[in-house]
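Welcome to my notebook. I opened this entry to get to know a new structure, going from the whole to a few details.

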Amino acid sequence: MIVSLKGGERVWAVAAINGQMDRLRELHGILEKRFRPGDRLVYLGNYIGGGPVSAQALDELLLARRALLARFGLLDGDIVYLRGRQEEMWQKLLQLHLAQDPSTVLEWMLPQGVEFTLRAYGGNPDQGRMWCRDGAQSLARWTSSLRDSVRSKPGHAQFFASLKRAAVTQNQTILFVHAGIDTRRPLSAQTDTFWWGAENYADITPNYEGFRRIVRGFDSDRLGLSIEGYAITIDNGCGRGNSLEAICLDSEAKVVDRISI
């Protein structure tokens with residue numbers, strides 16, 4: 001689902017977190033002081049997968065949500081979470097028993113960050129490998145136990161179910177995506193490009209479907225922060241030893257504030 005942010009003069013966007021709960025908590029402390037009544041907030045995916053406390057990062061997201069909703073009188077749709085590459089892979093892992101070659105899929109996903117999330121929810125890669133060899137029925141029991149682990153943590157299952165594919169401002173000035181977009185296709189026809197289509201992102205020229213700016217939160221090429229052009233990137237390598245970033249854009253798509261942790 002592509003969601004529209006209703007109202008609001010300004011929108012805050014938070015880059016890929018990659019399981020860095022401590023940085024996220026610190027960012028939230030600053031954000032709450034700079035947040036204004038009427039502001040909106042978009043998280044751009046990859047909440048999990050970059051460290052051993054991935055599940056705790058979701059706890060911090062849910063805690064901050066409650067605080068902002070209460071303090072600023074926000075509605076549920078005023079804070080949006082996009083699905084990131086890590087969340088997409090985690091969903092695939094929970095459906096691993098349906099894959100034609102589950103062992104190959106598992107071995108590909110584990111070093112991409114899924115191992116951190118798996119361990120955060122009490123899973124074990126070697127156990128997964130064993131069930132892959134044992135067959136679909138055993139593997140289904142394993143993935144079912146992982147889903148139970150997610151459900152055992154308050155709000156986590158609901159969080160994963162609430163993730164959006166992309167977000168746009170109500171006045172159609174800004175498009176928020178996780179990693180990329182295929183400008184040869186209309187927004188309504190994008191498939192998994194939001195997670196995997198990062199090729200030539202920096203070369204996107206104005207004005208795709210009339211948007212004044214496109215903002216993404218994850219860069220697989222690891223080129224660093226880039227907020228000057230039309231298609232901007234706010235991923236500065238959080239989870240790889242660098243800062244977690246958040247920016248604020250006004251109704252004209254200009255960057256008016258920035259937090260770097």
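How much area does the protein expose, and what share of it do carbon and sulfur atoms supply? I looked this up for the predicted model and found about 11700 Å² exposed, with carbon and sulfur atoms supplying 47% of that area.

**Entry 1: the whole chain**

I went through the secondary structure next and found 9 helices and 10 strands. The radius of gyration came out at 18 Å, close to the 18 Å that the globule rule gives for 261 residues, so the protein is as compact as a globular protein of that length. I also looked up the box that the C-alpha atoms fill, and along the principal axes it is roughly 55 × 40 × 30 Å.

Then I turned to burial and contacts. Buried residues make up 52% of the 261 residues. I took the contacts between residues at least 6 apart in sequence, and 67% of them join residues at least 24 apart.

For charge, I noted 32 positive and 30 negative side chains. The centres of these two sets lie 3 Å apart.

**Entry 2: helix α2**

I picked α2, which covers residues 54–72 and has 19 residues. From its first C-alpha to its last it reaches 27 Å, close to the 27 Å expected at 1.5 Å a residue.

Which residues of α2 are buried? My list includes Ser54, Ala55, Ala57 and Leu58 towards the start of the numbering, and also Leu61, Leu62, Leu68, Leu69 and Phe72. Charged residues are on the list too, among them Glu60 and Arg65.

I then asked what the buried residues of α2 pack against. The partners are the helices α1 (21–34), α5 (114–120) and α8 (156–161), together with the strands β3 (40–43) and β4 (79–81). After α2 comes glycine 73, and I noted that its phi is positive, near 65 degrees.

**Entry 3: two residues of helix α7**

Is arginine 141 buried or exposed? This residue sits in α7, residues 136–152, and its relative accessibility is 52%, so arginine 141 counts as exposed, the cut-off being over 50%. I also checked its distance to phenylalanine 194, which is 53 residues away along the chain: their C-alpha atoms are separated by 31 Å.

Serine 149 is found in α7 as well. Its relative accessible area is 17%, and because buried means under 20%, serine 149 is buried. Glycine 122 is 27 residues from serine 149 in sequence, and I noted a C-alpha to C-alpha distance of 7.3 Å between them.

Methods. Residues are numbered from 1 along each chain as its sequence is written. This is a predicted model: local features need pLDDT of at least 70, side-chain atom pairs count only at pLDDT 80 or more; totals for chains, interfaces and linings use all residues. Side-chain values use heavy atoms; hydrogens and water are left out. Helices (H or I, at least four residues) and strands (E, at least two) are DSSP runs, numbered from the N terminus. The radius of gyration is taken over C-alpha atoms; the globule rule is 2.2 Å times the number of residues to the power 0.38. Buried means under 20% relative accessible area, exposed over 50%, partly exposed in between (1.4 Å probe, protein chains only). Contact means heavy atoms within 4.5 Å. Accessible areas come from the Shrake-Rupley method with a 1.4 Å probe; for residues, only the protein chains shown count as cover. Lys and Arg count as positive and Asp and Glu as negative; His and the chain ends are not counted. The place of a charge is taken as NZ of Lys, CZ of Arg, CG of Asp or CD of Glu. The expected span of a helix is 1.5 Å times one less than its number of residues.
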